[in-house]
4 protein chains.
Amino acid sequence: MPGNSFGELFKITTCGESHGEAIAVIIDGCPPGLEISENDIQKELDRRKPGQSQITSPREEKDVIHIFSGVFEGKTTGTPILLLAYNTDTKPTDYEHLKNIYRPSHADFTYLKKYGLRDFRGSSRASARETLARVAAGAIAKKYLKKKLNIEIFSYVESVGNIKTDIDYRAVSIENIEKNIVRCPDEAIAKKMIALIEEVKNDGDSIGGVIRGIIKNVPIGLGEPVFDKLNADLGKAMLSINAVKGFEIGSGFSGCSMRGSEHNDSFTVVNDNVEIEKNDAGGILGGISSGADIYFRVAFKPVSTINKKQHTVNIHDEPVILSATGRHDPCVLPRAVPIVDGMSALVILDQYLRNKAQNG
Amino acid sequence: MPGNSFGELFKITTCGESHGEAIAVIIDGCPPGLEISENDIQKELDRRKPGQSQITSPREEKDVIHIFSGVFEGKTTGTPILLLAYNTDTKPTDYEHLKNIYRPSHADFTYLKKYGLRDFRGSSRASARETLARVAAGAIAKKYLKKKLNIEIFSYVESVGNIKTDIDYRAVSIENIEKNIVRCPDEAIAKKMIALIEEVKNDGDSIGGVIRGIIKNVPIGLGEPVFDKLNADLGKAMLSINAVKGFEIGSGFSGCSMRGSEHNDSFTVVNDNVEIEKNDAGGILGGISSGADIYFRVAFKPVSTINKKQHTVNIHDEPVILSATGRHDPCVLPRAVPIVDGMSALVILDQYLRNKAQNG
Amino acid sequence: MPGNSFGELFKITTCGESHGEAIAVIIDGCPPGLEISENDIQKELDRRKPGQSQITSPREEKDVIHIFSGVFEGKTTGTPILLLAYNTDTKPTDYEHLKNIYRPSHADFTYLKKYGLRDFRGSSRASARETLARVAAGAIAKKYLKKKLNIEIFSYVESVGNIKTDIDYRAVSIENIEKNIVRCPDEAIAKKMIALIEEVKNDGDSIGGVIRGIIKNVPIGLGEPVFDKLNADLGKAMLSINAVKGFEIGSGFSGCSMRGSEHNDSFTVVNDNVEIEKNDAGGILGGISSGADIYFRVAFKPVSTINKKQHTVNIHDEPVILSATGRHDPCVLPRAVPIVDGMSALVILDQYLRNKAQNG
Amino acid sequence: MPGNSFGELFKITTCGESHGEAIAVIIDGCPPGLEISENDIQKELDRRKPGQSQITSPREEKDVIHIFSGVFEGKTTGTPILLLAYNTDTKPTDYEHLKNIYRPSHADFTYLKKYGLRDFRGSSRASARETLARVAAGAIAKKYLKKKLNIEIFSYVESVGNIKTDIDYRAVSIENIEKNIVRCPDEAIAKKMIALIEEVKNDGDSIGGVIRGIIKNVPIGLGEPVFDKLNADLGKAMLSINAVKGFEIGSGFSGCSMRGSEHNDSFTVVNDNVEIEKNDAGGILGGISSGADIYFRVAFKPVSTINKKQHTVNIHDEPVILSATGRHDPCVLPRAVPIVDGMSALVILDQYLRNKAQNG
């Protein structure tokens with residue numbers, strides 16, 4: 001099965017190159033009767049689009065979304081939904097000089113070797129521009145989850161380089177996240193992050209960081225053991241995003257040095273409800289949502305495109321020097337926040353539908 | 001789609017409860033003509049079986065594997081392979097007192113809520129005993145990869161609690177890993193790990209740790225963007241293993257604080273071959289194998305079963321005290337090494353077959 | 001994706017060769033809480049087993065089914081169900097002389113060419129013995145559909161050779177079908193069919209025929225356009241059965257010579273319910289069940305195994321004479337009735353679960 | 001899994017309503033390096049488009065295809081291909097009077113019941129206009145098969161109503177099929193068919209018929225037993241086309257009255273090659289292509305839209321009279337020929353890629 005689909009029952013299939021005509025996605029399996037407008041989707045896309053602030057790529061893409069099918073009189077009909085955004089700020093000439101070069105840590109080399117030929121305009125299909133489709137589809141999933149199930153999905157930038165906030169995720173609201181351009185709800189830390197990104201940008205360099213994702217009000221029972229555990233699906237979703245190198249849920253790597261007696265989450269009764277006391281598990285037990293908050297961390301490496309000279313190799317296997325390469329994001333994290341949100345929504349809605357089915 | 005299958009073209013479907021009659025797996029899509037014997041599989045299972053040393057669960061399971069179909073005159077025929085191991089040391093009475101209790105950090109609660117009823121014998125399907133099927137299927141994949149493509153797959157225990165080896169994975173061989181019962185190739189550190197596990201065991205507690213996985217000689221081109229990137233599939237595979245809370249590839253979380261100019265891996269020419277200089281990417285570029293070594297880390301939490309009193313809740317939503325619960329592993333990591341190997345093999349062979357198909 | 005799985009949400013994966021150790025199936029996605037016993041399954045298998053009458057193969061297979069997993073205290077648990085029946089009457093020596101021969105209209109030739117090697121014991125995986133697994137899994141689906149939704153599934157032999165009943169399917173009951181060994185509810189015609197089969201058998205030959213399948217009380221809404229239309233899935237299910245060469249639903253091929261004004265089924269109101277007047281469509285409109293009876297016809301060719309001399313070719317591409325080949329069914333139709341039932345049940349339950357999911 | 005995808009490795013996902021903005025398809029898994037142009041696709045679409053002759057619907061749709069992604073410098077790149085054709089001749093007001101009516105034998109009733117709401121513009125997603133996407137995707141598959149494997153795919157109208165040609169399919173060429181507007185290679189019969197369709201059209205009625213499909217030069221080995229047999233996949237493909245009520249391969253229903261000794265196809269040696277003497281099997285043995293010609297028949301009922309008064313029911317469950325309903329095809333068969341071709345190509349290429357994968 002080719003790799004451009006995600007989800008089993010709320011299934012998306014994406015297409016489009018960064019410098020082709022458009023980025024698009026077909027959503028198959030969206031429940032009928034959901035009110036959805038282009039504006040609902042555009043709001044999420046605007047959080048992802050380039051040029052939104054001084055710390056993002058200056059590429060001028062409006063990323064205007066068009067609904068081509070599957071919605072009638074403002075509601076989803078149960079038939080497949082095609083969403084499409086035209087690429088407008090494509091300057092193919094920008095890339096002519098990169099045609100024959102393997103940019104370090106880019107996918108030029110592996111795409112050429114895998115497919116035997118390569119669309120050399122930008123990173124083409126390997127570009128993070130592809131995530132536009134994920135955010136668009138995710139916006140519909142997110143709206144469904146909020147409206148029908150009151151599930152809340154959000155994420156924020158927890159660290160950029162060595163600048164890290166220690167804020168408790170339970171104190172974070174979506175409003176606080178959107179208060180600043182770096183999408184860190186800790187204002188003091190946000191300022192430092194912005195300063196660091198600007199410094200990196202001026203230096204022609206790039207920088208990595210960590211995004212924390214949160215999903216609240218998830219009903220008990222989502223996740224399909226033994227392979228499609230909810231944590232496994234969330235992990236795959238996040239690791240499929242460009243530049244992601246790590247994923248951890250609940251206690252994550254820090255739990256490795258703990259003892260069971262310390263790590264175990266006790267059940268308790270609060271107001272006649274069973275609750276989980278501490279939730280080091282991160283809201284998932286045995287691969288199935290427990291009703292407690294789901295929280296996880298996603299590691300983003302620094303983007304590979306930098307404005308510095310680098311030595312590398314061309315397609316004739318000759319050493320070459322690659323010089324500055326134009327417009328790029330010094331740090332992808334502020335724009336990656338809605339991508340993490342979108343992928344979370346896709347996973348949760350898919351697993352919600354699967355759970356509905358399995359109970360017959 | 002239900003959750004007990006893994007892989008698209010080398011597809012496994014597993015079944016069996018920890019205290020039911022058997023654990024089994026059907027492998028569909030194994031290429032024909034591979035020489036395979038029960039012994040080939042048994043060798044891997046013996047690395048996973050309980051009771052193999054003083055630091056594992058004393059449960060007496062021989063885990064004898066039977067090939068029921070798909071192999072004729074010692075070779076795979078291209079038809080589905082059924083592998084089955086009977087459960088022999090099941091003592092259901094051991095679990096009668098746990099019938100109505102939600103054990104902390106176990107899946108009793110979520111399984112009951114999801115399915116409406118629960119097989120309360122042991123952890124049943126949520127037990128790590130389920131991974132027997134993965135190791136058995138993985139043994140066949142591993143043999144294929146080694147024999148036909150010379151791909152080497154191995155992993156080792158890198159840390160237990162706070163005891164950690166700093167050995168370079170490039171210096172590690174499968175022989176060194178098997179030299180001691182904890183499966184850490186650093187003898188001095190291995191001794192400390194064993195001592196720690198024994199201490200934890202005597203204390204009736206459990207402890208977590210990290211396994212490092214390595215895959216060498218992977219051909220360039222495996223992985224199907226944009227969702228089924230090789231790193232995303234490896235991540236999902238590992239995160240679907242019981243007790244795993246985190247996964248990172250290449251630089252992982254440590255790359256988040258680096259700059260692009262530092263993190264980028266340059267291409268270079270060595271003996272007329274294009275090589276990757278530093279490989280912080282961990283052998284995968286744009287979701288596709290680059291030919292460089294693949295390496296990753298997997299975080300295991302401490303197992304939830306401990307021999308200590310814990311407060312929790314029963315199915316009538318009443319607070320109860322859970323006392324000691326019998327035979328368990330104080331630390332799963334030594335037995336988890338072949339599971340990580342097996343899952344790696346399943347992912348690599350599946351992606352190898354997918355790559356073959358896509359080139360038409 | 002390999003070809004031994006069927007269904008998306010009620011998914012079965014089968015394995016086992018005709019002369020191997022066993023035939024087995026894993027059912028993944030069975031809703032929890034269904035009461036099921038080995039006896040429930042055995043009843044259906046007994047309708048399929050060889051040696052059940054003088055007009056079937058004398059091979060002595062008891063086809064005793066074992067439930068290995070997924071059922072606890074008499075109920076399904078939502079985890080995968082392994083069903084297995086051992087092969088007991090395998091005489092591999094029967095087949096030694098066929099080792100190198102391509103039997104006419106058998107799959108020996110195509111299996112050898114496709115896989116490069118061949119399990120030559122009987123027809124192995126190409127044997128209709130494989131359908132045992134379908135009937136076993138179908139028995140569970142059928143029970144679920146009857147118990148939870150009152151859906152009735154049955155089928156009968158409509159013709160053998162040129163002997164054909166004109167009975168109206170609406171007058172047929174499951175009891176009438178089981179009244180005779182040929183499974184034709186028209187007693188007078190049944191006698192003629194039996195006589196014909198005995199004649200054919202004595203002649204060392206075989207004969208084809210048609211089975212009519214009926215599904216009643218299907219809720220409106222099953223079927224997923226545009227590719228997984230209910231009729232398309234039923235057609236695939238039937239065409240995947242050994243020896244099937246044709247499928248038609250509702251008016252089928254006879255509708256090709258009709259005009260729209262004659263073929264169209266009007267809607268009407270009966271006792272405040274919308275009903276379909278004539279149902280030439282066969283219970284499905286636009287790929288979705290309409291609530292009217294589903295009925296279809298399945299064409300079975302005469303079985304390829306006959307006790308007559310035939311000229312053919314061996315694996316060295318030399319002409320050879322193939323002589324009589326032992327135990328076989330002169331006519332598969334009586335034993336194929338439960339197979340058609342089972343496949344119907346698998347399709348309907350799968351589509352029922354898919355429809356549940358899609359409405360969110 | 002929702003129902004708008006077809007194929008496992010050459011996978012298409014379609015979308016678009018008959019009176020929405022566009023019909024589109026994403027093809028995922030097309031091998032890289034295939035030369036493809038919009039013109040290649042347009043040629044096939046022009047055979048399907050309305051208004052092409054006096055015996056088709058007068059709806060004015062140019063069906064101009066646009067390639068949005070996946071092709072670079074005239075070649076496929078291995079990334080997903082988006083094909084899109086705008087709907088231009090949509091007159092929604094045409095359908096306002098049908099908004100609340102269940103047209104006989106149409107899907108209005110089942111769509112409304114299944115999804116709870118309905119896009120009432122034309123038949124929307126249930127319209128055969130959806131098959132545009134199949135023909136477009138099929139054109140790429142067909143080109144690949146012809147260019148790389150010399151596989152020939154064609155089909156023709158064998159009967160309209162009771163007018164039937166007895167021409168031997170082996171004497172038919174694609175050129176002869178295209179010589180007349182009804183796409184029957186038997187000129188004398190074609191004239192009668194055209195006359196019949198015109199008569200039916202003048203009468204405001206519609207008429208059914210049979211298409212025969214042929215696939216030549218298929219390599220031995222395509223088809224994945226036991227469920228994804230080549231005949232089963234072809235059957236599903238055809239039965240998923242609007243108005244199709246039956247499918248038969250090789251001897252089909254006529255084989256049911258034959259004896260094995262008559263039906264069996266002997267192997268023989270011709271010029272050192274193994275050949276199949278008679279091919280009643282229709283080119284497939286045990287679900288796997290045998291190298292012999294594949295041929296099959298597809299039954300199309302008369303289209304449901306007619307210009308005659310019909311009694312039916314509205315959404316308020318009241319009896320109503322439906323009068324003439326505008327532009328329609330009196331007989332879909334001439335336009336269905338490229339649809340059958342396209343679906344054949346999709347199945348064969350998908351199975352070709354699957355077969356490549358399975359051999360490792």
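Trainee: Which rotation superposes chain A on chain B, and what relation is that?
Mentor: Keep in mind that this is a predicted model. Chain A lands on chain B after a rotation of 180° with 0.0 Å of shift along the axis, and the RMSD is 0.0 Å. That is therefore the relation of a two-fold axis.

Trainee: Through which surface do the copies meet?
Mentor: Let's look at the interface residues of chain A: 100% of them are also interface residues in chain B. So the copies meet through the same surface.

Trainee: Which are the edge strands of the open sheet in chain A?
Mentor: Start with the order of the five strands, which is β1-β2-β3-β7-β4 with antiparallel pairing. An edge strand pairs on one side only, and here those are β1 (5–6) and β4 (65–67) of chain A.

Trainee: Which residue of β7(A) stands opposite A:I65?
Mentor: Good one to find in the structure! β4(A) pairs with β7(A), residues 81–86, in the antiparallel sense over three bridges. Helix α1 of chain A, residues 38–48, lies across these two strands, running at about 150° to β4(A). Opposite A:I65 in β7(A) you will find A:A85.

Trainee: Now to chain C: which residue in β19(C) is the bridge partner of C:V313?
Mentor: First, β18(C) pairs with β8(C) in the antiparallel sense over two bridges, and there C:V313 stands opposite C:Y102. β18(C) is also joined to β19(C), residues 319–322, by four bridges, and these strands run antiparallel. In β19(C), the partner of C:V313 is C:P319.

Trainee: Which residue takes a positive phi in the hairpin of β18(C) and β19(C)?
Mentor: Look at the four residues between the strands of this hairpin. The residue with a positive phi near 60° is C:D317.

Terms used: Residues are numbered from 1 along each chain as its sequence is written. Chains are lettered from A and ligands numbered from 1 in the order in which they are written. This is a predicted model: local features need pLDDT of at least 70, side-chain atom pairs count only at pLDDT 80 or more; totals for chains, interfaces and linings use all residues. Two strands pair if DSSP finds at least two bridges between them. Copies are superposed by least squares on the C-alpha atoms of residues with pLDDT of at least 70 in both. Two residues are in contact if their C-beta atoms, placed from the backbone, lie within 7 Å. Axes are lines fitted to C-alpha atoms, for helices over the stretch in contact, and angles run from 0 to 180 degrees between N-to-C directions.
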